Amino acid sequence: MKRSILKLSLILGVGLSALSSTGCTTQGPYFGPLLFPIPVSPYYMDNKEDEFHVHERYDRAPILPPIPPGAPHVALDPPSDDEVMRALERARPVEGGLPFLHEVQRNNVRITKEKIADYIDPPRVMPLVGPVQLHHAHYKCTVYYTEVKRIGWPIPHTLRDEDTREVIYIDHNHLHRVGNVQEDLPGPVGPTQQSPL
């Protein structure tokens, strides 16, 4: 009898120590009442991934070398198709419809891009960057597509607009370093000739 009680207490002790060391009850994140995980919609995960994608590719302003004197200033590449479609999605969202009740699609997409402005601001000193010139490039992007709306309630029907057109304006700004910002010093910004004494 004593051996069976000793075996049983040993098994219970090992079992309790195993449960307490797994992290299921005492360690790890707190998931709410009764330690049940709270389900999170994939919508929020997709939003965070999109925010990171836009920040990584489009929200940063690069600092380029100085523009040589007399050289033409040309803007960076025009906006990519991905950037145009993301801007259109922010303006007129089609994601997140209700399946079989209300869905919107964009089909046969064509994008035209034209530069409408390209200019450089005068030099100035920006904190944490130094003396720079801000280079502006403005683009007008026209998106042509077929918009298909599928509505499932109360009467299922499909609306198709063959000639949908949206105009998106995208600004591309980047910085150029500047040599000397003061007017009396020679350099790419100041006068190139030596002033007489």
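I began with the strand pairing and found strand 1 (residues 63-64) joined to strand 5 (residues 157-177) by two bridges, the two strands running parallel. In this pairing I noted Leu175 of strand 5 as the bridge partner of Ile63. The model is a predicted one, and I read every entry below with that in mind.

**Fold.** I counted three helices and five strands in the protein. Along the sequence I wrote the pattern down as α-α-β-α-β-β-β-β.

**Strands 4 and 5.** I looked next at strand 4 (residues 130-151), which pairs with strand 5 in the antiparallel sense over 19 bridges. I checked the connection as well: the two strands form a hairpin, with five residues between them. One position I looked up in this pairing was Tyr145, which stands opposite Thr164 of strand 5.

**Arg165.** I stayed on strand 5, where Arg165 has its place. Is Arg165 buried or exposed? I put Arg165 down as partly exposed, because its relative accessible area is 47% and the partly exposed class runs between 20% and 50%. I then looked at what surrounds Arg165. Setting aside neighbours within four places in sequence, I found Arg165 in contact with Thr142, Val143 and Tyr144. Tyr145 is 20 residues from Arg165 in sequence, and I read 6.5 Å between their C-alpha atoms. For the side chain of Arg165 I recorded a polar contact with the side chain of Asp163, at 3.5 Å.

**Nonpolar core.** Which residues make up the largest nonpolar core? I listed 11 in all: Ala75, Val84, Ala87, Leu88, Ala137, Tyr139, Cys141, Val143, Tyr145, Ile168 and Ile170. Helix 3 (81-91), strand 4 and strand 5 each supply at least two residues of this core. Strand 4 gives the most to it, with five residues.

I followed one core member further. Apart from residues up to four places away in sequence, Ala137 touches Ala75, Ala117, Asp118, Ile170, Asp171, His172 and Asn173. Of these, I had already listed Ala75 and Ile170 as members of the core.

**Helix 3.** I asked which residues are buried in helix 3. My list for helix 3 reads Glu83, Val84, Ala87, Leu88 and Glu89. Residues three or four places apart in an α-helix point the same way, because there are 3.6 residues a turn. Looking for what covers the buried residues of helix 3, I found that the cover includes strand 2 (102-120), strand 4 and strand 5. Val84, Ala87 and Leu88 also appear in the core list above.

**Aromatic pair.** I searched for aromatic pairs and the count came to one. The pair is Tyr43 with Tyr44, and I classed it as edge-to-face because the ring planes stand at 75 degrees, with the centres 5.5 Å apart; the cut-off for that class is over 60 degrees. I also checked the exposure of both residues. Tyr43 is partly exposed, with a relative accessible area of 49%. Tyr44, with 52%, is exposed, because the exposed class begins over 50%.

**Whole protein.** I closed with the totals. Buried residues make up 21% of the 197 residues. The protein exposes about 14900 Å², of which carbon and sulfur atoms supply 61%. Among contacts with a separation of 6 or more, I noted that 66% are between residues 24 or more positions apart.

Technical notes. Residues are numbered from 1 along each chain as its sequence is written. This is a predicted model: local features need pLDDT of at least 70, side-chain atom pairs count only at pLDDT 80 or more; totals for chains, interfaces and linings use all residues. Side-chain values use heavy atoms; hydrogens and water are left out. Helices (H or I, at least four residues) and strands (E, at least two) are DSSP runs, numbered from the N terminus. Buried means under 20% relative accessible area, exposed over 50%, partly exposed in between (1.4 Å probe, protein chains only). Contact means heavy atoms within 4.5 Å. Accessible areas come from the Shrake-Rupley method with a 1.4 Å probe; for residues, only the protein chains shown count as cover. Two strands pair if DSSP finds at least two bridges between them. A nonpolar core is a set of buried Ala, Val, Leu, Ile, Met, Phe, Trp, Tyr and Cys residues joined through side-chain atoms within 4.5 Å. A polar contact is a pair of N or O atoms within 3.5 Å; within protein, one must be able to donate a hydrogen and the other to accept it, and residues adjacent in sequence count only if both atoms are side-chain atoms. Rings of Phe, Tyr and Trp (its six-membered ring) pair if their centres lie within 6.5 Å; planes under 30 degrees apart count as stacked, over 60 as edge-to-face and the rest as tilted.
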